[in-house]
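User: I would like to go through the labels used for this model and see what each one rests on. Please start with strand pairing.

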Amino acid sequence: QVQLVESGGGLVQPGGSLRLSCAASGSIYNILTMGWYRQAPGKERELVATITSYRSTNYADSVKGRFAISRESAKNTVYLQMNSLKPEDTAVYYCNAAVRPSLVAPLLQYWGQGTQVTVSS
């Protein structure tokens, strides 16, 4: 089993910054992709950013130029630096990881419990 634990959410004013962290632990052989998704009230969960084990990144158009995803493979940790935050960034942010628990095991998807980000004056 794999656990993802997120931290760093909170309340911030428009134009402010926050940094989210997500640490994976448990039965991990390797992690192919880690990423962040978000879900606002009444809306579907959407991709924010992903990063592969080769450091290839992908961003939603709405966050390009404002958010930056990074990872520390040795710590099985992914970060999301969020700058120039807008009220429309308000959502619960979920960490996701595509994990291979062992050399011969299939790739499995895991989710964190979510962390609230609120952008408001």
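Analyst: The model is a predicted one. In it, strand 3 and strand 8 (residues 77-82) are joined by 6 bridges and run antiparallel. Within that pair, C22 sits opposite V78 of strand 8.

User: What makes strand 1 and strand 3 a pair?

Analyst: A pair needs at least two bridges. Strand 1 and strand 3 (residues 18-26) have 6 bridges between them, in the antiparallel sense, so they count as paired. Among the partners, V2 is matched with G26 of strand 3, and Q3 with S25.

User: Why are strand 1 and strand 7 called edge strands?

Analyst: The open sheet has 4 strands in the order 1-3-8-7, with antiparallel pairing. Strand 1 (2-7) and strand 7 (67-72) each pair on one side only. Neighbouring strands in this sheet are turned by 15° against each other on average, direction ignored.

User: Why is R55 called partly exposed?

Analyst: Buried means under 20% relative accessible area and exposed means over 50%. R55 has 41%, so it falls in between and is partly exposed. R55 lies in the loop between strand 5 (46-52) and strand 6 (57-59).

User: What makes the phi of R55 worth listing?

Analyst: Most residues other than glycine have a negative phi. R55 is not a glycine, yet its phi is positive, about 70°.

User: Which class of exposure does S84 fall into, and why?

Analyst: The relative accessibility of S84 is 39%, between the 20% and 50% limits, so S84 counts as partly exposed. S84 lies in the loop between strand 8 and strand 9 (91-100). Its phi is also positive, near 50°, in a residue other than glycine.

Definitions and conventions. Residues are numbered from 1 along each chain as its sequence is written. This is a predicted model: local features need pLDDT of at least 70, side-chain atom pairs count only at pLDDT 80 or more; totals for chains, interfaces and linings use all residues. Side-chain values use heavy atoms; hydrogens and water are left out. Helices (H or I, at least four residues) and strands (E, at least two) are DSSP runs, numbered from the N terminus. Axes are lines fitted to C-alpha atoms, for helices over the stretch in contact, and angles run from 0 to 180 degrees between N-to-C directions. Buried means under 20% relative accessible area, exposed over 50%, partly exposed in between (1.4 Å probe, protein chains only).
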